[in-house]
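Hi everyone, thanks for coming. Please have the sequence and the model open while I talk, and I'll take you through it piece by piece.

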Amino acid sequence: MIRTDKTVVLNTAVWRISAAVFLCTLLITITAAQQLPFHSLKVRDGLISNSTTVIHQDLKGIMWIGSYDGLSRYDGYTFINKSIADGLPSNHITAIAESRSVPGTMFIGTSSGGIAEYDTSVRRLLSTGNEAVLSLAVDHRGVLWCGTSDRLIRFGADADAPVDVLKGVGNVQQIRVDGDSLLWVTTKRFGLQCFLLSDDGETPVSVPAVQQFDPILIAERSGGVRWMADRNGNFICTRDTAIVRRVITNNTRYHALSIVGVDSSSFWFGTVHGIAHVRIGDAGKFTVRTYGQQNGLPEQVVLPVLLDHERNLWMRSFSKGLVILSDESVLTYPLTPAPLVMNNASAVTTADGTAWMTSSGGLFEIPDPWKNSAEHYVHPSPNESAYGFANALLYDHDGSLWVKYWHGALVQYSVKRNASQRSTLVKRSERLPGKDFPKGSYACFTIDRQGNIFYGIDEYGVIVLRARQYGRSGHDTVRGSSDIRPRVMMVDSAGTVWCGGMNGDLYQLRRNGDRWAAVRYGDTSVFSGHTIRAMAEEADGTVWVGSSAGRVALLRNDSLIRLPQHPLLRFTTIWAFAHSGDRVFIGTSKGLLVMDKRSGEVTIPNGTISGNAVYACHLMSGGRIAAVSEEGGHLFDPSMLSSPTGTPSIVISSFMVNGVEQAIGEAVELGSGQNTCSVEFLAVTYRDRHALRYSYQLRPVDAEWQRWTAQRAVTFAALAPGDYEFSVKALTLQGVQSTVAARIMFTILPPVWQRWWFIAAVLLAVGAVLTLAYRFRVERLLEVERLRSRIAMDLHDEIGSTLGGISVLSELLKNTEPRPGDRAQHMLDRIGISARQMMEAMSDIVWALNPQNDAMEQFISRIRTTAGEIFEPRGIGYTVTTPAALPGTLPMDARRHIYLIVKEALHNSAKHSHCAAAGIVFDVNGRSLMVRISDNGKGFPAAQDASGNGLRNMKARAALIGADVRITSEPGSGTVVTLHYHIT
C-alpha cells in the first residue's frame, strides 16, 4: 500500500514535471514563421478584380493585368480599368502582348471575343472564331501569334490576314519568341513545337534534346537564356536550341504551374504549395527555397509569375489580387509582443551564426535560416521581480551570452545549441539590483576583457561590477560620471572603455589603481549637445559615433573627425552601426541605411528595412545583418539584393491646358489663349516610389534643370507665344538617374494679328489699298491735267480768238475817217486797250493752266520771255541767272502766283524805278526755291513799301501759297524783291 502510494505520488510528480516541461516547450517553440516582404494589390487599391488571370509588363514598364472582370493598367501609382463598357469584346482576359510597330498598343486576348487592339480605347477587333484565346506573342517582324483552344494562328505584320499555322493541336498554352530566330510553342496534343523565323516566313525545326525533355512550361527570356519545366519537377536552361543547365529533382511536389527565369543560375517557379526559388551553385549543386502562406504568401497556389524590370516578382491568385515580392534578401520574424523602442532593443549573433534579439515577449533565438530550415524560438524571461523582459544583449569573448533585463538584472548564460531545436541556456552568474548594485533607471552595459562590467544607471552615472575571479565582488562608482546619464558604452580592441551620454559628451573610463574615473574626451561640440546613441568599432580600430541629430564622427588616432552630414541622415536618430568591408550599415529612425566609407554616400538599398525605425543591427557571418525594428526582427543578406535591370523609366501621364486634358502626341499646337499648362509625370517603379525625386526643364524658359523634388506635377502660367519643350527625369533612392528623359513639345500660337499669314495679309491689303489710292490719285491728277489742258485750249481757242477779233475790229474802226469830237473814237481806243489787256491776262491764265508748263524749265523760260517783253522796249538791260540743277515741277497754283509776283516786280522796276539795268536770280537749296528781282533804280523809302496795290497784291499772293516775300529799297539804292518758297 505504501509502495502503491509512493508509486502514485511519484507518478503524479513525474506527470506534473512532464506536463510542465511540455507546456514550457510549447511556450518556447510556438512562434510565427519567418516572413518575406510579400505585398498585395487588391480591389481596395484600385484593381478591377481580385481574381487575376494574366500579367504583362510593356516596354515603358507599365503593368497590364487581366482578370475575369476586365483589364487593369497600373503604373505604380494608379489603376485604369477597362471592361466591355469600354469596348472590350469580353471581360474575361486570357492573354496580353504588345505591338512592336506601335509601342504602348496592346493586343488583348479574351475567352470568347477574339483579340482587341487597344491603347486608350479599342482600335479594332481580330476574330478567332468561336475559340478562346489562350496565348499571344509578337515577334521581331511585328507578326502577331495567337494560340487558341485548337490552333496556332499567325496574323500579318499589321495584324491582318490570319493564317492557320497549326490545327488540331489542342490548347496552345504558351508562345515564346526567342530573340530574332526561334518561336517556341507548347501544345496539349503534340507537346513542344519550334519554328525558325526569317523574313521569308517560319520553318518547323526539330530540337531533339529539348523536345525529349518534354517541357510543359517556358519562361520569358532573361539574360539571354530561357528556363523550361516538365511535369515531374525537372528544369532545363536553354540558350537558343542548346541546353546549358539542368535541375533534376524528379519530385512531383515541384510540379510547376508557372516559371520565370532570373539568369542562368537562378529561377522562380510557382506550385500548389507556394512559390519556390532555385539557386545553382558550384558544380551544378542547387538549393530550393519554398515560401508559402506560413511565410506571408497570401495564397498557397501560385499561378503565372512575372519578373519585372526591377526584379520584382509578380504573382496572380484566385482571390487575393496581385502578389508582389520585391526582394528575398530580408527575412522578417514577428516578435510578439513587439519589441519596445529606443534603448530596449538589441541584437547579437553567436559563433554558430544564431541571431539573438530582445523583445518584450522574451529573448528570441533565430538559427541561421540560410543554413537551417528551423523556425525561430522565444525564451521567456524568468518570472522574478528583478528581471522583467530582456532588453540588452552582449556576447563576450569567452562565448557567454549576457542579458540585461528591464528591472536591472544582469545574467550570464552559456549557450548549448541543439540541432533543429531551441538552444539550452544555462545560467552561469547573475547580478541583481539592490544586492549587487543600487536600484535605479538602467540604461546600458558593457564588459571588458578582464570581466569588469560597466553598467550605466541614470541616477548614479556609471558603476563597475568587479570581476569575481579577482576575489572581490560588489561595485564601485566611476568618479566624475554622475552627470553623464549614459546611453551607450563599448570596449574597443585596445581595451579602452568608452561612454556616450545624453549631453552629447564622450568619455573614457580609466582605471587608476583600484578606482575608475570618467575623463571627458576632447571637443565634442560636433554633437551640439545631442544624445550619443551609437558606438561601434571597425576592423582598423576606428570607432564610429552617432547621435540623435544624425551626426557621425570618427575616433581615429586620438582625434574626433566629423563627417559631412548626408541629407538622408538629417533629422534622424542614429541607433546602431554594423561594419562590413567598405560599407557601414546604420540603424536609424528612417530604417536601415548603408554608407559607402570611401565616398560618404548614403543610400537605402533595395530590400532593406525601411519605413520603420531600426534600433539595433549586428554583423553576422557572411556579411549578413541582424536587425531589430518596430515591426520585428530581421535578417538581411546584402548579397541577395536584386538590382534593377535598368534606369527608371519615366513617362508623362497628363498634359492639361487651361484645365482641359490634352492628347499627348509628337507635338501639340495650342491657341494664343491656351497659355496655362500643367504637366504630370511619373517614374514607372514598383518599389520605393515615394523616395523618387524628379527634375524638369522647360526650354527656352529654364536655362538649367530644376532642383530635385518629390513633386510629380508642375504648372506654367501665362506662357508667351512660342515653341516649348518640357523634359523631366527621375532619380531613385539608390542614386540612379533616368538615362532618357520624358519629353513633350508644344507650341503656343500668337494671337491672330501677330501671325505671319495675318501680317502678310495685312501688308498685302495695305499695299493693295496704297496701290489703289496711288492709281486713283494718278488718275485724278491725269483727269485734272486733262481738264486743265481742255480749259486752256478752250480759253485759247474760244475766248482768246474772240478777244483777238475784238482787238482787230477796234483797230480797223480806228483807221476810218475820224469825226472831230467824236466820242466813239475814244471808246474804240479803250476797247482796244481792254481787249489787249484781257488777251495778255488770258495768255497768263492759259499758260498757268496748261500742265505742260509745270516743269521748272518752262516756268523760267516764261519769266525770261516776260522780262524781255517788259525791259527791251524800254531799253533796260537785264540778266536771268539760274542754278545748274532745277527741281522737276512746280504746283500749278504756286507757279501762277509766283509768276504773277515776279511779273508785278518786273513791271514796277520798268515803270517806276527809272533803272538802267535789272537782274533776275533763281536759286534752289534742297526743296527751297528763292527768286530775287533787283534793279539799280531810284528806290523808295521803306515806309512806302505797302502803300501801293501792287506791293500788297504781291504779299497776298505769297501768303496764299505759303511763300515769303521781302522788299528791300532805299532812295537812290535801287530795289530788291526776294521770294522764298518751299516746293512740296
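**A walk through the model**

Let me start at the surface, where Val752, Trp753, Trp756 and Trp757 make a nonpolar patch of about 540 Å². For patches, we take residues with over 30% relative accessible area and no salt bridge, joining like charges within 9 Å and nonpolar side chains (Val, Leu, Ile, Met, Phe, Trp, Tyr) within 5 Å. The areas come from the Shrake-Rupley method with a 1.4 Å probe, and for residues only the protein chains shown count as cover.

Before going on, a word on the source: this is a predicted model, in which local features need pLDDT of at least 70 and side-chain atom pairs count only at pLDDT 80 or more, while totals for chains, interfaces and linings use all residues. Residues are numbered from 1 along each chain as its sequence is written, and side-chain values use heavy atoms, with hydrogens and water left out.

Back to the patch. Trp753 sits in the loop between strand E64 (742-748) and helix H3 (756-814). Those labels are DSSP runs numbered from the N terminus, with helices (H or I) of at least four residues and strands (E) of at least two. Is Trp753 buried or exposed? Its relative accessibility is 57%, so Trp753 counts as exposed. Here buried means under 20% relative accessible area, exposed means over 50%, and partly exposed lies in between (1.4 Å probe, protein chains only).

**The whole chain**

Zooming out, the chain has seven helices and 69 strands. Of its 984 residues, 48% count as buried. The accessible surface comes to about 46600 Å², with 52% of that belonging to carbon and sulfur atoms. Looking at contacts between residues at least 6 apart in sequence, 50% join residues at least 24 apart; a contact here means heavy atoms within 4.5 Å.

**One tyrosine in its setting**

Now find Tyr724, which belongs to strand E63 (residues 722-731). Tyr724 counts as buried because its relative accessibility is 9%. What does Tyr724 touch, leaving aside its neighbours within four places in sequence? The list is Leu698, Arg699, Pro700, Val701, Leu719, Ile744, Met745, Phe746 and Ile748. Val668 is 56 residues away from Tyr724 along the chain, and their C-alpha atoms are separated by 9.8 Å.

**Salt bridges**

How many salt bridges does the structure hold? There are 26 of them, each being a side-chain nitrogen of Lys or Arg within 4 Å of a carboxyl oxygen of Asp or Glu.

Take Asp178 and Arg221, whose closest N and O atoms are 3.2 Å apart. Asp178 lies in strand E14 (residues 172-178) and Arg221 in the loop between strand E18 (217-218) and strand E19 (226-229), so this pair ties together parts that are 43 residues apart in sequence. Asp178 is buried at 1% relative accessibility, while Arg221 is partly exposed at 35%.

A second pair is Asp458 with Arg485, at 3.6 Å between the closest N and O atoms. Asp458 is in the loop between strand E39 (453-457) and strand E40 (461-465), and Arg485 is in the loop between strand E41 (475-477) and strand E42 (486-491), so parts 27 residues apart in sequence are tied together. Asp458 is buried, with a relative accessible area of 17%, and Arg485 is partly exposed at 37% relative accessibility.

There is also a network of salt bridges that links Glu131, Arg151, Asp164 and Lys167.

**Cysteines**

For anyone thinking about redox conditions, a quick reminder: a disulfide is a covalent bond between the sulfur atoms of two cysteines. A search of the whole structure finds zero disulfides, taking the cut-off as a pair of cysteine sulfur atoms within 2.5 Å. Two cysteines to look at are Cys194, buried at 3% relative accessibility, and Cys237, buried at 0%.

**Two helices to finish**

Helix H5 (residues 856-871) has 16 residues, which at 1.5 Å a residue should span 22 Å, and its end C-alpha atoms are indeed 22 Å apart. That expected span is 1.5 Å times one less than the number of residues. Among the buried residues of H5 are Met856, Phe859, Ile860, Ile863 and Ala867.

Helix H6 (residues 892-912), with 21 residues, reaches 30 Å from its first C-alpha to its last, close to the expected 30 Å. Just after H6, His914 takes a positive phi of about 50 degrees.
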